[in-house]
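Please find below a note on this structure, set out as numbered points for someone who is meeting it for the first time. It may help to keep the structure open while reading.

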Amino acid sequence: MTVLEKKSKRKALAIRTLVINGEYSPEYALNEAERLNDEGKLLDVDYEPLAEWLEELIHKAQPEPNQEEIIEEENIIE
């Protein structure tokens, strides 16, 4: 394992731990993971599972829209 691979794994673990401990929101963590991936500091092999996990957390935190919200949103779009 190269030094870059080790650093990437550590970064992914750190981000995951910060989210679990409530120090990072999933949204912020996903932005950080994307930034690090874009900079080549978080390899795709570590980025993809982390990003998928964070996306799941984000979707779980968002309440399902009720019928009134859907109608209101449709009216805004039209």
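1. In this predicted model, the largest nonpolar core is made up of 13 residues, and those with the most contacts inside this core are I15, A33, L42, L50 and L54. Helix 1, helix 2 and helix 3 each contribute at least two residues to this core, while the largest share, 5 residues, is supplied by helix 3.

2. The setting of this core is a protein with 4 helices and 0 strands, whose elements follow the order α-α-α-α from the N terminus on. Of the 78 residues of the protein, 22% count as buried. Among the contacts in the protein with a separation of 6 or more, 62% are made by residues 24 or more positions apart.

3. Two of the core residues deserve a separate look, beginning with I15, which touches A29, A33, L36 and L50 when residues up to four places away in sequence are not counted. L54 lies in helix 3, which spans residues 44-61, and L54 is classed as buried because its relative accessible area is 0%, where the cut-off for buried is under 20%. Leaving aside its neighbours within four places in sequence, L54 is in contact with V19, P26, A29 and L30. L54 and S25 are 29 residues apart in sequence, yet their C-alpha atoms are 9.2 Å apart in space.

4. How do helix 1 and helix 2 pack, in terms of angle and axis distance? Helix 1 (residues 3-20) and helix 2 (residues 26-38) pack at an angle of about 170 degrees, and their axes are 10 Å apart. Because angles over 145 degrees count as roughly antiparallel, helix 1 is described as roughly antiparallel to helix 2. On the side of helix 1 the residues that meet helix 2 are K11, I15 and V19, and on the side of helix 2 they are P26, A29, A33 and L36. By class, this contact of helix 1 with helix 2 has 6 nonpolar residues, no polar residues and 1 charged residue.

5. The pairing of helix 1 with helix 3 can be read in the same terms: their axes come within 10 Å and cross at roughly 10 degrees. Helix 1 and helix 3 are therefore roughly parallel to each other, since angles under 35 degrees count as roughly parallel. Here E5, S8, K9, A12, I15, R16, V19 and I20 in helix 1 meet D46, P49, L50, W53, L54 and L57 in helix 3. The residues of this contact of helix 1 with helix 3 divide into 9 nonpolar, 1 polar and 4 charged.

6. S8 and D46 are worth examining together. S8 is found in helix 1 and counts as buried, because its relative accessibility is 0%. Its side chain reaches the backbone nitrogen of L43 at 2.8 Å. Leaving aside neighbours within four places in sequence, S8 is in contact with K41, L42, L43 and D46. D46, for its part, has its place in helix 3 and is also buried, with a relative accessible area of 9%. Not counting residues up to four places away in sequence, D46 touches E5, S8, K9 and A12.

7. Is L57, a residue of helix 3, buried or partly exposed? At 25% relative accessibility, L57 counts as partly exposed. When its neighbours within four places in sequence are left aside, L57 is in contact with V19 and P26. The separation between L57 and V19 is 38 residues in sequence and 9.8 Å in space, taken from C-alpha to C-alpha.

8. A last point concerns the beginning of the chain, where M1 lies in the segment before helix 1. M1 is exposed, because its relative accessible area is 64% and the cut-off for exposed is over 50%. Leaving aside its neighbours within four places in sequence, M1 is in contact with K6 and K9.

Technical notes:
Residues numbered from 1 in each chain as written. Predicted model: local features only at pLDDT ≥ 70, side-chain atom pairs only at ≥ 80, totals over all residues. Heavy atoms only, no water. Axes fitted to C-alpha atoms, helices over the stretch in contact; angles between N-to-C directions. Parallel < 35°, antiparallel > 145°, perpendicular 65-115°, else oblique. Contact = heavy atoms within 4.5 Å. Nonpolar A, V, L, I, M, F, W, Y, C, P; charged D, E, K, R; others polar. Buried < 20%, exposed > 50% of the residue type's maximum accessible area, 1.4 Å probe, protein only. Core = buried A, V, L, I, M, F, W, Y, C linked by side-chain atoms within 4.5 Å. Polar contact = N/O pair within 3.5 Å; in protein donor to acceptor, adjacent residues only side chain to side chain.
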